[in-house]
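Welcome! Please take a moment to look over the sequence and the 3D view before reading on.

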There are 2 protein chains.
Amino acid sequence: MTTRKTASRSEGDRMSAICHGIRRAIIEGALFPGDRLPEDALGESFGVSRTIARHALGQLAAEGLVDLRRNRIATVAAPTPADARDIFDIRVALERQVVGHLAGHLTDAQIRELKDIVRQEHDARDGPEGASIRLATEFHIRLAEMTGRPILVRYVTEICYRAGLSLSSLGRPHSSECAISEHLQLIDTIAKGPADKAAQMMADHLEAVASRALLGGQEARGRDLVSILAPYRGD
Amino acid sequence: MTTRKTASRSEGDRMSAICHGIRRAIIEGALFPGDRLPEDALGESFGVSRTIARHALGQLAAEGLVDLRRNRIATVAAPTPADARDIFDIRVALERQVVGHLAGHLTDAQIRELKDIVRQEHDARDGPEGASIRLATEFHIRLAEMTGRPILVRYVTEICYRAGLSLSSLGRPHSSECAISEHLQLIDTIAKGPADKAAQMMADHLEAVASRALLGGQEARGRDLVSILAPYRGD
DNA sequence: CATGACGAAAGTGCATGCACTTCACTGCTT
DNA sequence: AAGCAGTGAAGTGCATGCACTTTCGTCATG
């Protein structure tokens with residue numbers, strides 16, 4: 001009933017709306033590795049048919065966020081520690097490139113925008129726990145977008161989401177405090193410092209994030225998908 | 001009629017069969033950037049319904065090999081020179097990692113396998129023109145697979161196909177001769193040499209391939225999709 | 001009490017049908 | 001001859017339906 005048939009408004013692909021919703025739910029830790037994602041529940045939750053939900057799951061599987069096995073219910077992907085190691089190595093390589101392209105070329109407006117994200121990170125310090133991870137991720141993605149290289153952006157975005165999933169799966173609760181000051185330092189060094197110093201700082205930052213997250217790994221099962229996804233329907 | 005209903009034989013996902021077919025057709029230059037890929041023609045060509053063809057196109061679009069615009073016929077992606085530059089930069093970063101993991105750890109069997117691929121490249125020197133590009137690509141993908149890191153493999157594979165598409169789109173006919181000797185040198189250095197030397201050689205090799213391919217850019221239109229894809233149905 | 005068989009319920013795999021959009025072509029106007 | 005509206009054909013977007021597979025609870029049996 002909530003679905004409008006010939007919606008005159010720009011409806012920028014309902015499939016990507018599902019993808020966005022699930023990505024966010026994953027990155028914020030609302031969805032856990034192993035959680036089931038049945039096509040009809042998904043479709044119902046977003047007000048579309050199974051066909052579209054299925055298509056969305058295919059995309060998410062291609063991004064490595066969802067496990068898709070034939071004749072089986074799709075699940076949120078469960079990265080192994082080896083996967084996580086792999087993901088962070090690749091992430092370092094890609095974000096080094098980002099920093100390399102950006103070093104010394106940040107405009108004042110860009111610096112302001114980045115600092116604003118960090119400020120939001122600061123404000124979310126003791127709000128809902130997922131928000132800080134999402135903001136930290138957004139920082140890195142915005143950084144990539146500032147290079148103006150769409151393909152690099154795509155890969156950085158994807159690997160950031162995978163890293164976020166790995167963290168929520170294998171990491172401990174998250175110590176956001178340090179990431180904030182590191183992000184501020186990063187902005188400064190990218191703006192001023194020589195490219196290789198900035199790249200190295202990025203690599204160190206990511207290594208720190210990765211190693212800060214070891215141990216742990218909780219499980220949760222049988223929670224209600226529709227209520228989990230409810231906040232992620234809109235945007 | 002050609003479709004068998006309950007095919008008892010292992011049919012490892014018919015969708016990925018389409019993806020494989022199109023990827024190969026693209027990498028071998030049988031499909032050109034801008035070529036149309038209508039869902040029903042695709043489905044008919046592979047003996048499946050539009051549903052599956054559509055799904056396959058979605059995957060290929062996620063990989064950047066296909067352009068998908070709402071209400072429009074899918075086309076083979078047409079990378080711009082800027083895209084190509086971007087793609088090769090990322091490729092260098094990723095393949096540096098591959099070499100870094102592999103340096104000094106190649107087994108004799110692996111060295112033999114790699115040399116065998118290069119031998120095939122040599123044999124295909126003046127065979128069908130697409131074959132040498134495919135083999136060169138296979139060399140790099142096998143190299144990645146030898147790291148045993150599935151996620152790295154996925155990204156390297158994807159970026160290799162994109163690079164292949166860029167080459168077929170923007171490159172000149174291809175001078176395979178040099179790539180062959182460079183591949184042989186690479187094997188040696190990865191097997192023996194220090195990691196950073198091998199990584200640098202890989203970077204240089206890829207830069208050489210990239211810069212060898214500038215200029216050019218031909219167009220072809222209105223060719224018959226079914227006959228183009230016929231050789232790519234089976235495997 | 002454990003165990004295994006069976007059957008219904010839940011879920012996926014896929015083709016088909018219909019509404020809507022875009023495309024290509026025709027013939028009319030200037 | 002150059003544009004341009006109109007119109008059928010071609011193509012996509014999506015929901016639905018049916019066959020098949022998996023899952024899970026139930027009950028009979030050792």
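The paragraphs below go first to the DNA and then to the salt bridges.

Keep in mind that this is a predicted model. A good place to begin is DNA strand C, which has 18 residues around it. Those that come nearest are R50(A), R54(A) and R70(A), together with S49(B) and T51(B). Which parts of the strand face the protein? Of the atoms of DNA strand C that come within 4 Å of the protein, 76% belong to sugar and phosphate.

Three contacts let you see this in detail. In the side chain of R54(A), an N or O atom is 2.5 Å from a phosphate oxygen of DNA strand C. T51(B) reaches a base instead: an N or O atom of its side chain is 2.9 Å from a base nitrogen of the strand. For N71(B), a polar side-chain atom lies 3.3 Å from a sugar or linking oxygen of DNA strand C. Two or more residues of this surface come from each of α2 (39–46) and α3 (50–62) of chain A, and also from α3 (50–62) of chain B. With three residues, α3(B) gives the most. Sorted by character, the residues of the surface near DNA strand C are ten charged, four polar and four nonpolar.

Now turn to the salt bridges. Side chains of opposite charge can pair when their charged atoms come close. Over all chains, the whole structure holds 27 salt bridges.

Find D89(A), which takes part in two of the pairs described here. One partner is R85(A), with the closest N and O atoms 3.1 Å apart. Both residues lie in helix α4 (residues 81–102) of chain A, four residues apart, or about one turn of the helix. Is D89(A) buried or exposed? D89(A) counts as buried because its relative accessibility is 15%, and R85(A), at 36%, is partly exposed.

The other partner of D89(A) is R149(B), at 3.3 Å from N to O. This pair crosses between chains, running from the loop between α6 (129–145) and α7 (150–170) of chain B to helix α4 of chain A. R149(B) is partly exposed, at 23% relative accessibility.

Within chain A, E113(A) and R142(A) form another salt bridge, their closest N and O atoms being 2.6 Å apart. The pair links distant parts of the chain, 29 residues apart: E113(A) is in helix α5 (residues 108–123) and R142(A) in helix α6 (residues 129–145). E113(A) is partly exposed at 31% relative accessibility, and R142(A) is partly exposed at 22%.

Finally, look for R24(A), E28(A), R134(A) and E138(A), which a network of salt bridges links together.

Methods
Residues numbered from 1 in each chain as written. Chains lettered and ligands numbered in written order. Predicted model: local features only at pLDDT ≥ 70, side-chain atom pairs only at ≥ 80, totals over all residues. Heavy atoms only, no water. Near = heavy atom within 4 Å. Polar contact = N/O pair within 3.5 Å; in protein donor to acceptor, adjacent residues only side chain to side chain. Nonpolar A, V, L, I, M, F, W, Y, C, P; charged D, E, K, R; others polar. Salt bridge = Lys/Arg side-chain N within 4 Å of Asp/Glu carboxyl O. Buried < 20%, exposed > 50% of the residue type's maximum accessible area, 1.4 Å probe, protein only.
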